[in-house]
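Good morning, and thank you for the time. Please turn to the sequence and the model, which I shall now put on the screen.

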Amino acid sequence: MAVALAFAVAGCGGGKDGKADTGSSSQSKSSSSGNDQQPDTSAASPDPAVKLAQATGEGGVVLTINSVKRDSGGFLTVAGQVKNTGADDFVATSPWAGTERDVLASGDSVAGATLVDKVGKKRYYVLRDTGGKCLCTMGISSIKAGQTVPVFAQFPAPPNGTKQVDFQLPTFPTMTVPVSG
């Protein structure tokens with residue numbers, strides 16, 4: 001029984017450094033974050049020239065989805081950017097962080113994002129590490145006028161046959177995006 005539990009825990013995440021293994025896509029650090037425990041996503045910076053979907057939310061903030069990729073290990077990573085096109089600084093709203101009980105662990109984040117596989121009739125929530133922190137961009141408390149902040153969120157991957165999903169982040173309209181990989 002102990003051996004089976006050890007394999008189950010090892011399969012749930014944990015590279016040799018004890019951190020969750022996120023495959024080839026690393027995690028993004030918000031440019032406004034001072035938290036040293038933030039995941040690093042510099043390697044996963046999306047190509048801003050690729051725009052799979054774009055929507056405008058509160059205060060003239062524009063969310064652009066640049067990639068939706070399956071990663072090794074059964075993850076799906078959504079990467080993009082949030083740009084404040086308004087004249088005033090934008091204070092990120094708490095709905096972005098979600099309403100799950102682990103909201104406090106992730107703080108100001110995009111942990112409230114979800115994916116919906118309409119064909120499979122299933123909703124997917126942002127993955128969490130063993131400490132309850134989201135596998136997503138954290139530390140977004142405000143976005144200065146004209147500033148662009150890279151964002152990402154990791155989800156369990158829908159079945160391989162799923163070719164598109166609906167991405168939802170509170171305060172933005174739902175965006176249908178293709179899945180690659």
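Which residues line the largest cavity? In this predicted model, the lining of the largest cavity is formed by Leu-63, Ile-65, Val-78, Ala-79, Gly-80, Val-110, Ala-113, Val-151, Phe-152, Ala-153, Phe-167 and Leu-169. Three strands each contribute at least two residues to that lining: β2, running from 61 to 71, β3, from 75 to 84, and β8, from 148 to 156. Sorted by class, the lining comprises 11 nonpolar residues and one polar residue, with no charged residue. The volume of this largest cavity is about 70 Å³. Counting cavities of 30 Å³ or more, there are two.

A brief remark on how such spaces are found. Rolling a probe the size of a water molecule over the atoms reveals where empty space remains.

Allow me to place this in the chain as a whole. The protein chain contains two helices and 10 strands. In sequence order the pattern reads α-β-β-β-β-α-β-β-β-β-β-β. Of the 181 residues, 44% are buried. If we take contacts between residues at least 6 apart in sequence, 60% of them join residues at least 24 apart. The exposed surface of the chain is about 9,500 Å², of which carbon and sulfur atoms supply 54%.

I turn next to a group of polar side chains. Thr-77 belongs to strand β3, and Gln-154 to strand β8. Are these two residues buried or exposed? Thr-77 has a relative accessible area of 4%, under the 20% limit, and is therefore buried. Gln-154 is buried as well, because its relative accessible area is 0%. What do their side chains touch? The side chain of Thr-77 makes a polar contact of 2.4 Å with the side chain of Asp-71, and another, of 2.9 Å, with the side chain of Gln-154. Between the side chains of Gln-154 and Asp-71 there is a polar contact of 3.2 Å. Thr-77, Asp-71 and Gln-154 are thus joined pairwise through their side chains.

Another buried position is Val-177, in strand β10. Its relative accessible area is 1%, so Val-177 counts as buried. Which residues is Val-177 in contact with, leaving aside its neighbours within four places in sequence? They are Leu-52, Ala-53, Ile-65, Val-68, Lys-163, Gln-164, Val-165 and Phe-167. Two of these, Ile-65 and Phe-167, also appear in the lining of the largest cavity. As for Ala-53, its C-alpha atom is separated by 6.4 Å from that of Val-177, although the two residues are 124 apart along the chain.

Now to the loops. Gly-86 sits in the loop between β3 and β4, the latter being residues 90-91. At 23% relative accessibility, Gly-86 is classed as partly exposed, because that value lies between the 20% and 50% limits. Apart from neighbours within four places in sequence, Gly-86 is in contact with Gly-59, Gly-60, Ala-145 and Gly-146. The C-alpha atoms of Gly-86 and Val-61 are separated by 7.0 Å, with their positions 25 residues apart along the chain.

Gly-161 lies in the loop between β8 and β9. With a relative accessible area of 59%, Gly-161 is exposed. Its C-alpha atom is 9.7 Å from that of Val-119, and the two residues are 42 apart along the chain.

Finally, two residues deserve a look for their backbone angles. Most residues other than glycine have a negative phi. Which value does Lys-121 take? Its phi is positive, at about 55°, although Lys-121 is not a glycine. Lys-121 is placed in the loop between β5, residues 114-117, and β6, residues 122-125. The relative accessible area of Lys-121 is 75%, so this residue is exposed.

Thr-171 also has a positive phi, near 85°, and is likewise a residue other than glycine. Where is Thr-171 found? It is in the loop between β9, residues 164-168, and β10, residues 175-178. Its relative accessibility is 25%, so Thr-171 counts as partly exposed.

That concludes my presentation, and I thank you for your attention.

Note on methods: Residues are numbered from 1 along each chain as its sequence is written. This is a predicted model: local features need pLDDT of at least 70, side-chain atom pairs count only at pLDDT 80 or more; totals for chains, interfaces and linings use all residues. Side-chain values use heavy atoms; hydrogens and water are left out. On a 1 Å grid over the protein atoms alone, a cavity is a set of points where a 1.4 Å probe fits but cannot get out, and a pocket is an open set with protein on both sides within 12 Å along at least five of seven lines; lining residues have an atom within 4 Å of a point. Grid points are joined across faces, edges and corners, and a volume is the space filled by probe spheres set on the points. Helices (H or I, at least four residues) and strands (E, at least two) are DSSP runs, numbered from the N terminus. Ala, Val, Leu, Ile, Met, Phe, Trp, Tyr, Cys and Pro count as nonpolar, Asp, Glu, Lys and Arg as charged, and the others, Gly among them, as polar. Buried means under 20% relative accessible area, exposed over 50%, partly exposed in between (1.4 Å probe, protein chains only). A polar contact is a pair of N or O atoms within 3.5 Å; within protein, one must be able to donate a hydrogen and the other to accept it, and residues adjacent in sequence count only if both atoms are side-chain atoms. Contact means heavy atoms within 4.5 Å. Accessible areas come from the Shrake-Rupley method with a 1.4 Å probe; for residues, only the protein chains shown count as cover.
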